Amino acid sequence: MMDLRGKDVAKRLRTEAAETIEKLKENNVAPALAIVRVGDDEASVSYEKSATSTMKKAGIDVKAFHYPESITEDEVVKNFQAINGDPAIHGILVMQPLPKHLSRETIASFISPEKDIDGLASANLGELVQESEKGFAPSTPTAVIEVLEHYEIDVKGKDVCIVGSSPVVGKPLGLMLVNRGATVTLCHIYTKDVKKYSQDADIVISATGAVGLITADHVKEGAVVIDVGFGYDEEGKPAGDVRFEEVTQKAGALTPVPGGVGTVTTAVLAKQVAKAAKGLSEKKGSR
């Protein structure tokens, strides 16, 4: 079985980002990312630390904006407008999940598409639908694509089953795969029998956060299995949607958790910040 580890993929992406950033700094452009977090969700705090470390290694400045969970939507929007309008900030990352009283769609609508490095704004999702390379796709789906391409797993003509239909992973990932010639089945909480679809798939991708959801019975012999989920098992150890030890006996290729897709995601963000800074710099220079 091929072990689809993310370390080498992330290293390549960080190198590509650093090369772009070095050229930008030679032209007096200092790429900067704003990380916005509301509340103290444990997973968000951990992810922010990881993202900050990756950015700094790539030469990107990080500006952190933390707000209490009790903040109102109007107050968030007011702060967002100031962040979005700051010319020294080239990318904006909103930590998720947001508290239930805050609308992801409302907040995303105030992010400039040119700074929306995690593909939340509707304009960037529209670019994805139109198969355009101009916009920014969400980082986690992009990380999945990067892993597949790094290991030369061609999706064209393949049957792909995605388990999980969130607007930040499942749905955009489905579009990205369709754009590359795959036939995609998108399963969700109302799907009556996930195994009915996953057992025939050449590639199974699970992104639900339900630890141990995907068993060996969900995949066919030799299938590629991508685990996007993250949580903790009964022993308190990091784990994904896929029962690794069980599925590894059947799959042809499998991403581990930790050490798989999650390792690549922050590197994708670094490359996206570099792309955003380059685009904004070129736009400013053309005026």
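Cysteines and helix α3 in a predicted model

Q: How many disulfides are there by the distance rule?
A: A disulfide is a pair of cysteine sulfur atoms within 2.5 Å, and by this rule the count is zero. The model is predicted: local features need pLDDT of at least 70, side-chain atom pairs count only at pLDDT 80 or more, and totals for chains, interfaces and linings use all residues. Residues are numbered from 1 along each chain as its sequence is written, and side-chain values use heavy atoms, with hydrogens and water left out.

Q: Why is C161 in no disulfide?
A: The nearest cysteine sulfur, that of C187, is 3.8 Å away, and the rule asks for within 2.5 Å, so C161 is in no disulfide.

Q: What makes C161 count as buried?
A: Buried means under 20% relative accessible area, exposed over 50%, and partly exposed in between (1.4 Å probe, protein chains only). C161 has 1% relative accessibility, so C161 counts as buried.

Q: Why is C187 called buried?
A: Its relative accessible area is 1%, so C187 is buried.

Q: Which residues of α3 are buried?
A: They are V76, V77, F80, I83 and N84. They cover an arc of only 120° around the axis, which puts them on the same side of α3; the arc is that of the directions from the helix axis to the C-beta atoms.

Q: Which exposed residues does the face of α3 turned away from its buried side carry?
A: That face carries D74, K78 and A82.

Q: What covers the buried residues of α3?
A: The cover includes β2 (32-38), β3 (61-67), β4 (91-94) and α4 (104-108).

Methods. Helices (H or I, at least four residues) and strands (E, at least two) are DSSP runs, numbered from the N terminus. Contact means heavy atoms within 4.5 Å.
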